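Please open the model in a viewer and keep the sequence panel visible. The tour below proceeds by selection, and each stop states what is to be found there.

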There are 2 protein chains.
Amino acid sequence: MIKIAIIGYGNVAYHLVEAFKNHPMVELSWVYNRTLPQQHNIPDTCQITLQLSNIKEVDVAIIAVTDDAISEVSRQLNVPFVVHTSGAVPLSLLNNEGKKGVFYPLQSFSKSKPIDFDAVPICLEAQQEEDYQLLETLAQTISSKIYRIDSGQRTYLHVAAVFANNFTNHMYTLAHEICSTHQIPFEVLQPLIRETADKISLLAPKEAQTGPAKRNDKSTLAKHMALLSTEQQKLYSILTQSIQNYGD
Amino acid sequence: MIKIAIIGYGNVAYHLVEAFKNHPMVELSWVYNRTLPQQHNIPDTCQITLQLSNIKEVDVAIIAVTDDAISEVSRQLNVPFVVHTSGAVPLSLLNNEGKKGVFYPLQSFSKSKPIDFDAVPICLEAQQEEDYQLLETLAQTISSKIYRIDSGQRTYLHVAAVFANNFTNHMYTLAHEICSTHQIPFEVLQPLIRETADKISLLAPKEAQTGPAKRNDKSTLAKHMALLSTEQQKLYSILTQSIQNYGD
């Protein structure tokens, strides 16, 4: 049985509570939160506290608060092993006295949307091998996708996620804008968007690249440019150039 | 019973044959192709021809050849109703004597991957309402997502699809490159990529936007820039700026 505390009650913490709370190998002993909503998913067997120093008799405390607060929160914890859940913060920012680690579930969470945690990649890091083993055992109770990622790699993974998530979503915003302006229901593009996302589980994205930029179809490229706003043109032209640079 | 001919045997034609061939309301009478592979999916009841002028006694001929060939192929067809399947070509480029239309299935097709045609949006256009009704009846035999899209709208839809598919895939290429360089398995990002694609079926993409650009988190933006190559930096900086322009 691994006894854990969860620090915070944002989107990540909410889903961690949901995933861990009924697992026979895990005892969710404490949740720390200052502004717990009346409706929450924390079981009665778990103690809720407003004081970090109250938390005791746990194997691991999992910090799931905003990046800026991780350092200070970790300083106030008096438990043998503290991990944070952030993709952007190095392990070394943890300020607790004991063991340190990272337990980073790489997914976009929102409380309103249930999540299949078994499919969520969890990226782990610890300073000692036995600590890593404990994190791995804990992570395996909720997910079948565990990766060993050190702080250096995690920084790069975080910026890669900006391309794969934030910038991709911005491409959807531009497609949505073009559709709205011309009374085309955006849902027409949804199956193509899903197929594009699915395809790269079979094929490296560079191999999956298609379209007028890739083919250097100058007539279509010119026609498209003529249809776009100045802002859209700027992106269209830079992204077309970049696809061609990568095609070489 | 609607009698059809399919002109060409590329990816789109292959999947149209597959979708139509066993439907009780459709008779696939002819397929035109000059270089049919030995292994194909055309039923024995269908005639295969190397001569466009041989094709007769069909209600609709569906041209699924490269954009550049549509005009010439349509000129040689002697059937009452000719449609093409291209997102980029206006109806007016059809050169046949009779009725003209467009039957544009908006999806990325490859022969190696089976497709659930029922979920593929089909964008229809015709010159007369009764011709549209025939196309709609035909399209409904294979898909439940039918849209009336005229040639003007289709041009914009095509450029929107470049953002939603080609440019999105390029974002995956950059994420893949960053992961490879730092020995991170790209599959770690796959669930996030899928979630990003799925989320916009519930939320407009502009509302779904998250990340350091959206938050104007200057410290993370600067950290990320420092990790990237010159080409990656250029895109990171322009896309960050564009997200911020759209956030206003």
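**Stop 1: a loop residue in chain B**

Asn216(B) is partly exposed, with a relative accessible area of 35%; the term covers values between buried (under 20% relative accessible area) and exposed (over 50%), computed with a 1.4 Å probe on protein chains only. The model is predicted, so local features need pLDDT of at least 70 and side-chain atom pairs count only at pLDDT 80 or more, while totals for chains, interfaces and linings use all residues. Residues are numbered from 1 along each chain as its sequence is written, chains are lettered from A and ligands numbered from 1 in the order in which they are written, and side-chain values use heavy atoms, with hydrogens and water left out.

Asn216(B) lies in the loop between α7 (212–215) and α8 of chain B. Helices (H or I, at least four residues) and strands (E, at least two) are DSSP runs, numbered from the N terminus. The phi angle of Asn216(B) is near 50°, a positive value in a residue other than glycine.

Next, select Glu57(B), in the loop between β3 (47–49) and β4 (60–63) of chain B. Glu57(B) also has a positive phi, about 55°, although it is not a glycine. Its relative accessibility is 65%, and therefore Glu57(B) counts as exposed.

**Stop 2: two buried threonines**

Select Thr220(B) in helix α8 (residues 218–227) of chain B. Thr220(B) counts as buried because its relative accessibility is 9%. Which residues does Thr220(B) contact, leaving aside its neighbours within four places in sequence? They are His158(A) and Pro212(B), where contact means heavy atoms within 4.5 Å.

Move to Thr240(A), in helix α9 of chain A. Thr240(A) is buried, with a relative accessible area of 8%. Not counting residues up to four places away in sequence, Thr240(A) touches Ala213(A), Leu221(A) and Phe167(B). A distance label between the C-alpha atoms of Thr240(A) and Ile115(A) should read 35 Å; the two residues are 125 residues apart along the chain.

**Stop 3: the nonpolar core**

A nonpolar core is a set of buried Ala, Val, Leu, Ile, Met, Phe, Trp, Tyr and Cys residues joined through side-chain atoms within 4.5 Å. The largest one has 77 residues, and those with the most contacts inside it are Leu157, Phe163 and Leu189 of chain A and Leu157, Phe163 and Leu189 of chain B. In each of chains A and B, β6 (99–105), α4 (151–181), α5 (190–199) and α9 (230–247) supply at least two residues apiece to this core. The largest share, 15 residues, comes from α4(B).

Centre the view on Leu189(B). Apart from residues up to four places away in sequence, Leu189(B) touches Leu106(A), Leu157(A), Ala160(A), Ala161(A), Ala164(A), Ala175(B) and Cys179(B).

**Stop 4: the interface of chain A and chain B**

Colour by chain. The contact takes 81 residues from chain A and 81 residues from chain B. How much area is buried between chain A and chain B? The value is about 8200 Å², of which carbon and sulfur atoms give 68%; buried area is the accessible area (1.4 Å probe) that two parts lose on being put together, summed over both. Tyr156(A), Phe163(A) and Tyr246(A) supply 9% of the area that chain A buries against chain B, more than any other three residues.

**Stop 5: salt bridges**

A salt bridge is a side-chain nitrogen of Lys or Arg within 4 Å of a carboxyl oxygen of Asp or Glu. The whole structure holds 16 over all chains, and the interface of chain A and chain B has 4.

- Display Asp198(B) and Arg194(A), whose side chains meet in a salt bridge at 3.0 Å, N to O.
- Display Lys113(B) and Glu195(A), which form a salt bridge at 3.1 Å, N to O. This pair crosses between chains, from the loop between β6 and β7 (122–126) of chain B to helix α5 of chain A. Lys113(B) is partly exposed at 23% relative accessibility, whereas Glu195(A) is buried at 12%.
- Display Arg75(A) and Glu72(A), a salt bridge at 2.7 Å, N to O. Both lie in helix α2 (residues 70–75) of chain A, 3 residues apart, about one turn of the helix.
- Display Arg148(B) and Glu129(B), with the closest N and O atoms 3.1 Å apart in a salt bridge. This pair links strand β8 (residues 146–148) and helix α3 (residues 129–140) of chain B, 19 residues apart.
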